[in-house]
Amino acid sequence: MSTQTLSYAIDEHDHLIRVDEGYYRFAEENGWEEAATSLGRSLWDYVAGHEMVKLQRLLVRRVRNELGDVELPFRCDGPSVRREMNIRIVARPGGRVVLFSARTRHEEPRDSPQWLLDPATPRSDEVLEMCGWCDRFEVDGEWVEVEEAARRLELFNKAELPAISHGICPDCNEMLLAA
Ligand SMILES: [Zn+2]
């Protein structure tokens, strides 16, 4: 039986300041040897891929500055399991500390990386348009915040993220033309 919940927290510099038992168990079950030295290190050292770091940083900034609290589905496969989790990200009131707590929604064994053949796996030539001014993303012709884009496109469930291309949304374009 594998770990069902884990949590961790970061300080205002995005350094890991607290991890719980579940975090260490989860790390052990997934063969992740660096876990013991996590405390004090940057959260972003542990996020794979440039685009994913960009998206998650934006999300953390939104949680700190505006949302306070968000819950999103994400995919976190282990060496031999396909695992769907939910993560809740909460900013502590008044502070810059952010808490993350994740729980497993669904888990099933996998003995080969079948997702590679899954037609739902995105092709790497997909492009996600992001407005360089307001940091919103275009989804089906609509400009939405990062958490909404992540929800609608299931960004954190994908094995491979689309490339992010920087542009400008019509609202910002209009604002700049009027300035
Ligand atoms: Zn914009």
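Biologist: Where is the place of Ile168?
Modeller: This is a predicted model. In it, Ile168 lies in the loop between β9 (163-167) and α4 (170-178).

Biologist: Is Ile168 buried, exposed or partly exposed, and why?
Modeller: Ile168 is partly exposed, because its relative accessibility is 34%. Buried would need under 20%, and exposed over 50%.

Biologist: Which residues make the nonpolar surface patch there?
Modeller: Trp133, Ile168, Met175 and Leu176 make the patch. Its area is about 400 Å².

Biologist: Switching to the metal. What coordinates the zinc ion?
Modeller: Four cysteine sulfurs do: the SG atoms of Cys131, Cys134, Cys169 and Cys172. They sit at 2.2 to 2.3 Å.

Biologist: And what geometry does the site of the zinc ion have?
Modeller: Tetrahedral. The angles among the four donor atoms run from 104 to 113°.

Biologist: What spacing do the donors follow along the chain?
Modeller: The pattern is C-x2-C-x34-C-x2-C. Take Cys134 and Cys172, a pair that links distant parts of the chain, 38 residues apart. Cys134 is in the loop between β6 (127-131) and β7 (137-139). Cys172 is in helix α4.

Biologist: Cys134 first: buried or partly exposed, and why?
Modeller: Partly exposed, because its relative accessible area is 25%.

Biologist: And Cys172, buried or exposed?
Modeller: Buried. Cys172 has 7% relative accessibility, and the buried class means under 20%.

Biologist: New topic. How many aromatic pairs turn up in the whole structure?
Modeller: Three. One of them is Tyr8 with Phe100, and this pair is stacked because the ring centres are 4.8 Å apart and the planes are at 10°. For stacking, the planes must be under 30 degrees apart.

Biologist: Where do Tyr8 and Phe100 sit in the chain?
Modeller: Tyr8 is in strand β1 (residues 5-10), and Phe100 is in strand β5 (residues 98-109). The pair links distant parts of the chain, 92 residues apart.

Biologist: Are those two buried or exposed?
Modeller: Tyr8 counts as buried at 15% relative accessibility. Phe100 also counts as buried, at 4%.

Biologist: What about Tyr23 and Tyr24, how are they arranged?
Modeller: Tyr23 and Tyr24 are an edge-to-face aromatic pair. The centres are 5.8 Å apart, with 85° between the planes.

Biologist: Which class of exposure does each of those fall in?
Modeller: Tyr23 is buried, with 6% relative accessible area. Tyr24 is partly exposed, at 31%.

Biologist: Last one. Which residues form the aromatic cluster?
Modeller: Tyr8, Tyr23, Tyr24 and Phe100 form one cluster.

Terms used: Residues numbered from 1 in each chain as written. Predicted model: local features only at pLDDT ≥ 70, side-chain atom pairs only at ≥ 80, totals over all residues. Heavy atoms only, no water. Patch = residues over 30% accessible without salt bridge, like charges linked within 9 Å, V, L, I, M, F, W, Y side chains within 5 Å. Areas by Shrake-Rupley, 256 points an atom, 1.4 Å probe, with all protein chains shown as cover. Salt bridge = Lys/Arg side-chain N within 4 Å of Asp/Glu carboxyl O. Helix = DSSP H or I, 4+ residues; strand = E, 2+ residues; numbered from the N terminus. Buried < 20%, exposed > 50% of the residue type's maximum accessible area, 1.4 Å probe, protein only. Donors = N, O, S within 2.8 Å, 3.2 Å for Na, K, Ca; no water. Tetrahedral: all angles 85-135°; square planar, octahedral: opposite > 155°, others 65-115°. Phe/Tyr/Trp six-rings, centres within 6.5 Å; stacked < 30°, edge-to-face > 60°.
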